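This report describes the strand arrangement, the cores and selected local features of one model. The sequence and structure come first.

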Amino acid sequence: MTERASEPQHHRSGTSRAVAARADRKDRFTGRPQVRPTAEGWKQPMGADGRPTLQFAQKPRVKQPPMHLADMTMAERQEKMKELGLPAFRAKQISVHYFTHHTTDPEKMSDLPKDRKQEIVETFFPPLLTEVKRLVTDDGRTIKFLWRLFDGALVESVLMRYPKRITLCISSQCGCGMNCPFCATGQNGLTRNMSTAEILDQIVQANRVITEGALGGTRHEGPDAERVNNIVFMGMGEPLANYKRVMNAVHRMVADQPEGLGMSARGITVSTVGLVPAIRKLADEGVPFTFALSLHAPDDELRDDLIPVNSRWKVDEALDAAREYYDKTGRRVSIEYALIKDMNDHPWRADLLADKLNARGRGWVHVNPIPLNPTPGSIWTSSTRQATNEFIDRLEAKGIPTTLRDTRGKEIDGACGQLAAAND
């Protein structure tokens, strides 16, 4: 573990605004405009104070999905089985069918008593996600799924094959309450949190699709190679606003089969726009997953508008909490930064970001610039290649490990910020 600088020189919001103001003048002087965040094509909900509204809790009296095997611990599954008048060992059998063989089809459960199969399946596997639509791109290596939940709510997930891994981008909420002006998911606000089982069922169903051979590309060799082995909580919703269910799902992902999916924690990434109190809880979960902070701006003046939750917890508070996660876990933190033309891609912002990260020590963080998915005629468009290269060069010149992230699925509205669960 790299030692943290003993006296980090944090940049406070007043300093950030002053730096931003000076840089804005310089940008105008050199011909680089400063585009401000503005919602396009929809009216961004605003509060009485003129700030974008934030919704941290689901709507009251929302009906929750029925209890599913994936919501239960093994002990709870065994108790449920006993309630049916069946021996406890049947709980392990059906857990194998779900988490290992990815099936809920009673006809494929030959080890269960014939006269009780249907009852067992109906008890433990109430329908959660029904596939509505499937869009495919990248020669079949990327699939976007539209799912209808038990109450009619729609969510999406994106399955991607890479040379050495299979990644699934999953959703954690129906909609999102963070009200970011550039994100399609947040335009309709938050409907409700997804249950632990609804989160996990995205993985199980994706594994079923892989097993059926529907994911294109060269098959991976080795035991368990042909299943989802990399999870990113970067689909619909703010994961840390659904903290309990998301963490339950993470624990079930890493639990040995058939208790859970038997995944490696190092293949799981949990992201957030910066809910600081929840970030500080993550290290105590005892699961060494990767933590990603969606920052997108190093100065409070811009980030207040770009990521509305910044009005609650500022850049420095979010970075301090991220550093604390590293200190407690030894797991390097990822900083996600969508590069938006003339909005947040100015060279001085790369310098400011690097300075803020270095002020908290070395070796604890990695930056992932992400080319924003371009929209012709919109203010929300990707940075030029020249601006992107200079941004990365400035970060690397200050010793910040940086990797330009691949964007997959933009042709089917399946890339970062595009998930809107539209059934058309």
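Contact here means heavy atoms within 4.5 Å. The model is predicted.

In that sense, and leaving aside neighbours within four places in sequence, Gly260 is in contact with Phe99, Arg252 and Ala255. Gly260 sits in the loop between helix 6 (243–254) and strand 8 (268–272). Its relative accessible area is 0%, so Gly260 counts as buried, the cut-off being under 20%. Phe99 and Gly260 are 161 residues apart in sequence, yet 6.1 Å separates them in space, C-alpha to C-alpha.

**The sheet**

An open sheet of nine strands has the order 1-2-3-4-7-8-9-10-11, with mixed pairing. Its edges are strand 1 (130–137) and strand 11 (365–371), each of which pairs on one side only. From one strand to the next the twist averages 20 degrees.

Strand 8 pairs in the parallel sense with strand 7 (residues 230–233), over three bridges. Strand 8 also runs parallel to strand 9 (residues 290–294), and four bridges join these two. Thr269 takes part in both pairings: its bridge partner in strand 7 is Val232, and in strand 9 it is Thr290. Val270 stands opposite Phe291 in strand 9.

Strand 7, helix 6 and strand 8 form a right-handed β-α-β unit. From strand 8 the chain crosses through helix 7 (residues 276–282) to strand 9, and this β-α-β crossover is right-handed.

How many residues of strand 8 are buried? Five of its five residues are buried. In a regular strand, side chains alternate between the two faces of the sheet. In strand 8 both faces are covered: Ile268, Val270 and Thr272 are buried on one side, and Thr269 and Ser271 on the other.

**Two helices**

Helix 6 and helix 9 are set out below, with the span running from the first C-alpha to the last.

| Helix | Length | Span | Expected span at 1.5 Å a residue |
|---|---|---|---|
| Helix 6 | 12 residues | 17 Å | 16 Å |
| Helix 9 (315–329) | 15 residues | 21 Å | 21 Å |

In each case the span is close to the expected value.

The buried residues of helix 6 are Tyr243, Val246, Met247, Ala249, Val250, Arg252 and Met253. Among the elements that cover them are helix 2 (74–83), helix 3 (89–100), helix 5, strand 7, strand 8 and helix 7. Arg252 is also one of the contacts of Gly260.

In helix 9 the buried residues include charged and aromatic side chains, among them Asp316, Asp320, Arg323, Tyr325 and Tyr326. Val315, Ala318, Leu319, Ala321 and Ala322 are buried there too. Gly330 follows helix 9 and has a positive phi, near 75 degrees.

**Nonpolar cores**

The largest nonpolar core has 104 residues, and those with the most contacts inside it are Leu159, Val228, Ile231, Phe233 and Met253. Helix 5 (residues 196–211) gives the most to this core, with eight residues. Apart from it lies another core of five residues, including Val158, Met160, Cys169 and Val232.

What does Phe233 touch, leaving aside its neighbours within four places in sequence? Phe233 is in contact with Val246, Val250 and Met253, and with Ile268, Thr269, Val270 and Ser271. Its other contacts are Ile170, Ser172, Ile199 and Pro239.

Notes. Residues numbered from 1 in each chain as written. Predicted model: local features only at pLDDT ≥ 70, side-chain atom pairs only at ≥ 80, totals over all residues. Heavy atoms only, no water. Buried < 20%, exposed > 50% of the residue type's maximum accessible area, 1.4 Å probe, protein only. Pairing = 2+ DSSP bridges. Right-handed = clockwise from strand over helix to strand, strands pointing away. Expected span 1.5 Å × (residues − 1). Core = buried A, V, L, I, M, F, W, Y, C linked by side-chain atoms within 4.5 Å. Axes fitted to C-alpha atoms, helices over the stretch in contact; angles between N-to-C directions.
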